[in-house]
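User: Please take a close look at one part of this model, the salt bridges. Then set them in their surroundings, in plain terms that I can follow at the bench.

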Amino acid sequence: MNTENWKVLIIDDEEGIRRVMAITLGDAGYQVFTAADGESGIELCKKESPHIVITDIRMPGIDGIEVLKRVKEEDPDKEVIVVTAYGEMEIAIRALQLDASDFITKPINDEALLVALTRAKERYTTRRELRDYTNLIEQRWISTAEELKKTFNFQKNLIESSIDGIIGCDREGRIITFNKSMEDMSGYSKDEVVGKVSLDRFFPVGEVEILREKLYSEEYGGKYRLFLFESTLISKTGNKIPVQLSATVLFEDDEEIGMVGFFRDLREIRRMEQEFLDKTRLLHQDKMISLGKLAASVVHEINNPLSGILNYIRLMIKILGRGAPTQEHIQKFQRYLTLMESETDRCSKIVSNLLAFSRKSKVEYTGIDINDLIQKSIMLSQHKLTLQNIHVETHLNPEIAKVWGDFNQIQQCIINLIFNAIDAMPDGGTLTIESSFDSQRGLVEIRVKDSGCGIAKGDIPYIFDPFFTTKKEGKGIGLGLSTVYGIIEGHGGSVSVESELGKGTVFVLKLPQHPNQ
Ligand SMILES: Nc1ncnc2c1ncn2[C@@H]1O[C@H](COP(=O)(O)OP(=O)(O)OP(=O)(O)O)[C@@H](O)[C@H]1O
Ligand SMILES: [Mg+2]
């Protein structure tokens, strides 16, 4: 700031002194204001806000010390030079104690006045710079503190909202961090554990030592790391919770300061694994039952043609035993042989069908021709159907799309539905199987309909439950429909049923078409 921009206020009751000072300072380039007493001086000071105030000490009304106090109260940055009479050293010292920047004595020497002003300017500038600098540092400090707070809160949030339980502990194993998931999993609250208990509390006896050993070995993801290690967490109530643990040793400047562990609760996964195993077991059980029923049916189905074939063979041997066959005999033999061929062919088809159903247990997805599947299923159940005087009708739409799925599993569903229909028609009836295609929704529909006893309304909600059966002991165990439901759902399809007591039942299976069609 050059001299012209500096504002100086002179307060003095002696007009002569005011004027002389004003001229001197005006000549030196200062912008000067003057006031004849303390009161008006303070008013002018508020209005013009000078950088420097020069005030006489002895004035009627408010004296210079009071002016100094008030100016400093208003704005401590303003520089105040007091003017004292010669020998008033005590007053001068008092003014300096009140943060006056300087004092000059009367009579006023121009040179001394200008020197005092130069010093006041320097003081003013330095003070300003210092204040600006302090402000800047303060500002930076505040924003750094805010940044730090933000980062801290973000990290805290991250730890708190993690689905995995997180425990952080110091070198001695004392817990420092314990997040929300950890609280939920273990049943302990943060307050109960942080700084109060050690890691041992959460593991079976001796387990922490084993964990430490693994952590420092190369075995699980390298030294100082434990990667996907399965362990057991002991909850507050003593429950054993299966967990998957990943941990790492924490370092600061190459010095070990603790460790952090991430715990994944495996209970839900274990439950799902168990459910899957149970389901697979039930599916297998149902398949074995279907197979048993089918085998009995197939044995009869094969026995009849076999005895027919045997009869023809015996007849032919008998005829041949009587001497050379006549032309008429040869024509008969040809007819017998054609019949025997078609019967043998049928037997071998049935047997290979049954074998295919019994052998395959691995789930294998292919494009399935549902019409072919329906026909094979009817063939396997034929004997049971005939035995019970059941007439079979099929309405198979040749235009239907293929279904993406496991042939064997879907066949198991159709056979279960056929067997249920057979059981529902002990005195004979009609079994109608239809296939159709809803091209708009890309669904292949299979309808298995019987004219049997129907299902009581009250039973309908339960028929898909495992082990729900209305059949006599030894007749059914109630696995058929739950298997159908599981398989069709697994294929992304749906099962529905309509039934009327005494009239019959229809099961509708809807399966999504093969995606590549
Ligand atoms: N077509 C049907 N007509 C009448 N009732 C039926 C029909 N299909 C199923 N049900 C009823 O639903 C029950 C459950 O059928 P599901 O196939 O699950 O078991 P189940 O046939 O009794 O025994 P399983 O199939 O294990 O030999 C049957 O006991 C029967 O009461
Ligand atoms: Mg059944």
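Analyst: Helices are DSSP runs of H or I with at least four residues, strands are DSSP runs of E with at least two, and both are numbered from the N terminus. This is a predicted model, in which local features need pLDDT of at least 70, side-chain atom pairs count only at pLDDT 80 or more, and totals for chains, interfaces and linings use all residues. Residues are numbered from 1 along each chain as its sequence is written, chains are lettered from A and ligands numbered from 1 in the order in which they are written, and side-chain values use heavy atoms, with hydrogens and water left out.

Start with helix H11, residues 370-387. Lys-376 and Asp-372 both sit in this helix, four residues apart, about one turn. Lys-376 is partly exposed at 30% relative accessibility, and Asp-372 is partly exposed at 27% (buried means under 20% relative accessible area, exposed over 50%, partly exposed in between, with a 1.4 Å probe and protein chains only). A separate set of residues forms a network: Lys-72, Glu-79, Asp-99, Arg-123 and Arg-127 are joined by salt bridges that share partners. A salt bridge here is a side-chain nitrogen of Lys or Arg within 4 Å of a carboxyl oxygen of Asp or Glu. Lys-376 and Asp-372 meet that rule, at 3.3 Å from N to O.

Helix H9 (residues 267-321) holds a pair of its own. Arg-270 bridges to Glu-273, with the closest N and O atoms 3.6 Å apart. The two residues are three positions apart, about one turn of the helix. Arg-270 is partly exposed at 32%. Glu-273 is partly exposed as well, at 41%.

The next pair links distant parts of the sequence. Lys-106 forms a salt bridge with Glu-14, with a closest N to O distance of 3.5 Å. Lys-106 lies in the loop between strand S5 (102-105) and helix H5 (110-161), and Glu-14 in the loop between strand S1 (7-11) and helix H1 (15-27), so the bridge ties together parts 92 residues apart in sequence. Lys-106 is buried, at 16% relative accessible area. Glu-14 is partly exposed, at 40%. In general, side chains of opposite charge can pair when their charged atoms come close. The rule gives 35 salt bridges in total.

Now the surroundings. The protein has 13 helices and 17 strands. Its C-alpha trace spans about 170 × 60 × 50 Å along the principal axes. Buried residues make up 40% of the 517 residues. Contacts (heavy atoms within 4.5 Å) reach far along the chain: of those with a separation of 6 or more, 63% join residues 24 or more positions apart.

Strand S6 (residues 165-170) gives a covered contrast to the partly exposed pairs: six of its six residues are buried. Gly-165, Ile-167 and Cys-169 are buried on one side, and Ile-166, Gly-168 and Asp-170 on the other. S6 pairs antiparallel with strand S10 (residues 255-265) over six bridges (two strands pair if DSSP finds at least two bridges between them). In that pairing Gly-165 stands opposite Phe-263. Three bridges join S6 to strand S7 (residues 175-178), also antiparallel. There Ile-167 faces Phe-178. Four residues lie between the strands of this hairpin, and Gly-173 takes a positive phi near 90 degrees.
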